[in-house]
Amino acid sequence: VVSLTQVIAVSVSDVPGGLHQVLEYLAEADINVEYVYAFITVSGKHAYVVLRVEDNDKASELLASKGIELVTEADIQAL
């Protein structure tokens with residue numbers, strides 16, 4: 001069985017606690033996170049984090065307004 005799920009992705013610093021601020025913003029806005037996948041970029045300076053949240057549009061708007069860099073499918077394919 002295969003299914004497609006819409007997700008969002010962000011870029012965070014590849015340091016301990018780099019994801020903390022993203023999760024803090026989502027928690028403050030009462031946006032639930034269902035699951036997370038993360039991997040580092042080739043440069044090793046940033047990590048890409050793929051998140052399944054309850055409201056992709058609301059989460060994307062919120063994170064962009066807070067200065068969190070959203071990652072596109074093209075960005076990930078370019079790795």
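Here are two short exercises, with worked solutions, on a predicted model.

**Exercise 1.** Which rings form aromatic pairs, how is each pair arranged, and is each ring buried, partly exposed or exposed?

*Solution.* Let's start with what we need: a pair of aromatic rings is described by the distance of the centres and the angle of the planes.

- Step 1. With centres required to lie within 6.5 Å, the count comes to 2 aromatic pairs.
- Step 2. Tyr35 and Tyr37 sit 5.4 Å apart, centre to centre, with 70° between the planes. Planes over 60 degrees apart count as edge-to-face, so that is the label for Tyr35 and Tyr37.
- Step 3. Tyr35 has 33% relative accessibility and is therefore partly exposed, whereas Tyr37, at 52%, counts as exposed.
- Step 4. Phe39 and Tyr48 make an edge-to-face pair too, with 5.9 Å between centres and 80° between planes.
- Step 5. Phe39 is partly exposed at 32% relative accessibility, while Tyr48 is buried, its relative accessible area being 11%.

**Exercise 2.** How do helix α1 and helix α2 pack, and which residues make the contact?

*Solution.* We go from geometry to residues.

- Step 1. Helix α1 covers residues 20-28 and helix α2 residues 56-65; their axes are 10 Å apart, at an angle of about 125°.
- Step 2. That angle falls outside the parallel, perpendicular and antiparallel ranges, so α1 and α2 are oblique to each other.
- Step 3. Their crossing is right-handed.
- Step 4. From α1, Val22, Tyr25 and Leu26 take part in the contact; α2 brings Ala59, Leu62 and Leu63.
- Step 5. Sorted by class, this contact has 6 nonpolar residues, no polar and no charged ones.

Technical notes: Residues are numbered from 1 along each chain as its sequence is written. This is a predicted model: local features need pLDDT of at least 70, side-chain atom pairs count only at pLDDT 80 or more; totals for chains, interfaces and linings use all residues. Side-chain values use heavy atoms; hydrogens and water are left out. Rings of Phe, Tyr and Trp (its six-membered ring) pair if their centres lie within 6.5 Å; planes under 30 degrees apart count as stacked, over 60 as edge-to-face and the rest as tilted. Buried means under 20% relative accessible area, exposed over 50%, partly exposed in between (1.4 Å probe, protein chains only). Axes are lines fitted to C-alpha atoms, for helices over the stretch in contact, and angles run from 0 to 180 degrees between N-to-C directions. Helices (H or I, at least four residues) and strands (E, at least two) are DSSP runs, numbered from the N terminus. Angles under 35 degrees count as roughly parallel, over 145 as roughly antiparallel, 65 to 115 as roughly perpendicular and the rest as oblique. A crossing is left-handed if the near helix is turned anticlockwise from the far one by less than a right angle, and right-handed if clockwise. Contact means heavy atoms within 4.5 Å. Ala, Val, Leu, Ile, Met, Phe, Trp, Tyr, Cys and Pro count as nonpolar, Asp, Glu, Lys and Arg as charged, and the others, Gly among them, as polar.
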